[in-house]
Amino acid sequence: MMETLKEGAVALVTGSSSGFGMLTCVELALRGFVVIAGIRRMETQAKLMEAAEQAGVSSRIHTTQLDVTNDAEVQQAAVYIWNRYGRLDVLINNAGTAYGGFIEEVPAEVWEEQMNTNFHGMVHVTQAVLPLMRKQGKGRIIQVSSISGRIGFPGYGPYASSKFAVEGFSECLALEVKSFGIDVVMVEPGAYGTPIWDKGFTQMSTTPGSPYQRMLDKVLAFSRKSAQQGGNPEEVARLVAHIACIKRPSFRYALPRSTRLTIGAKALMPARLFQRILASVLERS
Ligand SMILES: NC(=O)c1ccc[n+]([C@@H]2O[C@H](COP(=O)([O-])OP(=O)(O)OC[C@H]3O[C@@H](n4cnc5c(N)ncnc54)[C@H](OP(=O)(O)O)[C@@H]3O)[C@@H](O)[C@H]2O)c1
């Protein structure tokens, strides 16, 4: 589908210090957007500004302090955008963390932390910008979900639960805001080589003498292999920026092709057969 340049349109990207968020800021700026890059720790903004400098778009990217779990910062960011720019064309709910572990053993605080960032944080940012988008009678919200929002896998309980929540939320939201001219789009990447996996997921552990120890070894081997063989994160950033620019995007975009095929297989197969296949994939790791 044809992209149109978005000269002067305003986009807010959460989680812009690295990975998809950082690359998406640059891709959007290259397409003419003024980008508000939400950063939770301002001391980490150098990498983004370096990438923007290299692409020749640093004048179009403005960073703002935004921890999505901090309500005051979420409100401040929305007020700042409205006062400074008077418009918000696109919100990209990208900020996220990934925690793994076996459901029986994952401590309550890890469940809370996972849901706070990937789900509640995303809910609050969305709620904060909806009044602006409704006032202007248009807007697009792009949700960075995951293959883990469509398919559960052993050891991925906290992360998959948070992304399944994002999926349900987004299906409801799309129907609620359509009549206000606001569009919701899901992006569902498989494994890509960003820093997310090193920040916590691959450090998952079991309790001493755990009955899950053998499965943990398999899950870690599977996850390391997926991260190493993961695609180029640029591909996701380019897709997100493309979706921000086209007239009538689809509701869901899964990538790469192997992710589309896996999601398609789940939809077609009896659930027990699909579970047996997942178990055998893990066994072979
Ligand atoms: N990489 C993959 O294979 C993959 C696959 C499917 C979906 N995803 C999704 O893609 C999104 C981006 O992840 P990524 O892979 O690009 O990883 P990443 O490089 O670790 O980026 C995650 C970003 O989110 C930020 N963040 C974390 N907690 C935050 C909070 N409370 N408030 C604001 N920002 C916060 C991080 O900031 P800090 O630098 O401060 O930590 C970082 O900027 C996530 O939603 C993730 O679930 C990733």
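UniProt positions are given in the numbering used here, and annotations may be inferred rather than shown by experiment. The exercises below concern a predicted model.

**Exercise 1. State which residues UniProt lists for "domain: Ketoreductase", and describe the span in the model.**

Solution. Step one is the record: the unreviewed UniProt entry assigns "domain: Ketoreductase" to residues 9–192. Step two turns to the model, where the end C-alpha atoms of residues 9–192 lie 28 Å apart. Step three is the secondary structure of the span, which is 47% helix and 18% strand.

**Exercise 2. Determine how many disulfides the structure holds, and examine Cys25.**

Solution. A disulfide is a covalent bond between the sulfur atoms of two cysteines. The cut-off to apply is a sulfur pair within 2.5 Å. For Cys25, the closest cysteine sulfur belongs to Cys245 and is 14 Å away, so the separation is too far for a bond. The count for the structure is zero disulfides. As to surroundings, Cys25 is buried because its relative accessible area is 0%, under the 20% limit. Cys172 has a relative accessible area of 44% and is therefore partly exposed.

**Exercise 3. Work out which way the residues of strand 1 point, and how strand 1 is joined to strand 2.**

Solution. Begin with the side chains of strand 1 (residues 10–13): Val10 and Leu12 point one way, while Ala11 and Val13 point the other way. All of these residues are buried. Next, consider the partner: strand 1 and strand 2 (residues 34–39) run parallel and are joined by four bridges. One position in this pairing is Val10, which stands opposite Val34 in strand 2.

**Exercise 4. Characterise the largest cavity by its volume and its lining.**

Solution. Rolling a probe the size of a water molecule over the atoms shows where empty space is left. The structure holds one cavity of 30 Å³ or more, and the volume of the largest cavity is about 70 Å³. Its lining comprises 13 residues, with Asn93, Asn94, Ala95, Asn118 and Met122 the closest to the centre. Two or more lining residues come from each of helix 4 (108–136), strand 5 (139–144) and helix 5 (157–177). Helix 4 provides the largest share, four residues. Sorted by class, the lining has six nonpolar, six polar and one charged residues.

**Exercise 5. Describe the second largest pocket in the corresponding terms.**

Solution. The volume comes first: the second largest pocket holds about 290 Å³ of space. Its lining consists of 16 residues, and those nearest the centre are Lys6, Lys138, Arg140, Ala244 and Ile246. Strand 5 and helix 7 (233–245) each contribute at least two residues to this lining. By class, the lining of the second largest pocket divides into six nonpolar, three polar and seven charged residues.

**Exercise 6. Locate Lys199 and Pro256, and report a notable local feature of each.**

Solution. Lys199 lies in the loop between strand 6 (182–189) and helix 6 (213–229). Its relative accessible area is 55%, so Lys199 is exposed. Although Lys199 and Thr97 are 102 residues apart along the chain, their C-alpha atoms are separated by 7.9 Å. Pro256 is placed in the loop between strand 7 (252–255) and helix 8 (257–268). Most peptide bonds are trans. The bond from Leu255 to Pro256, however, is cis, with omega near 0 degrees.

Conventions
Residues are numbered from 1 along each chain as its sequence is written. This is a predicted model: local features need pLDDT of at least 70, side-chain atom pairs count only at pLDDT 80 or more; totals for chains, interfaces and linings use all residues. Side-chain values use heavy atoms; hydrogens and water are left out. Buried means under 20% relative accessible area, exposed over 50%, partly exposed in between (1.4 Å probe, protein chains only). On a 1 Å grid over the protein atoms alone, a cavity is a set of points where a 1.4 Å probe fits but cannot get out, and a pocket is an open set with protein on both sides within 12 Å along at least five of seven lines; lining residues have an atom within 4 Å of a point. Grid points are joined across faces, edges and corners, and a volume is the space filled by probe spheres set on the points. Ala, Val, Leu, Ile, Met, Phe, Trp, Tyr, Cys and Pro count as nonpolar, Asp, Glu, Lys and Arg as charged, and the others, Gly among them, as polar. Two strands pair if DSSP finds at least two bridges between them.
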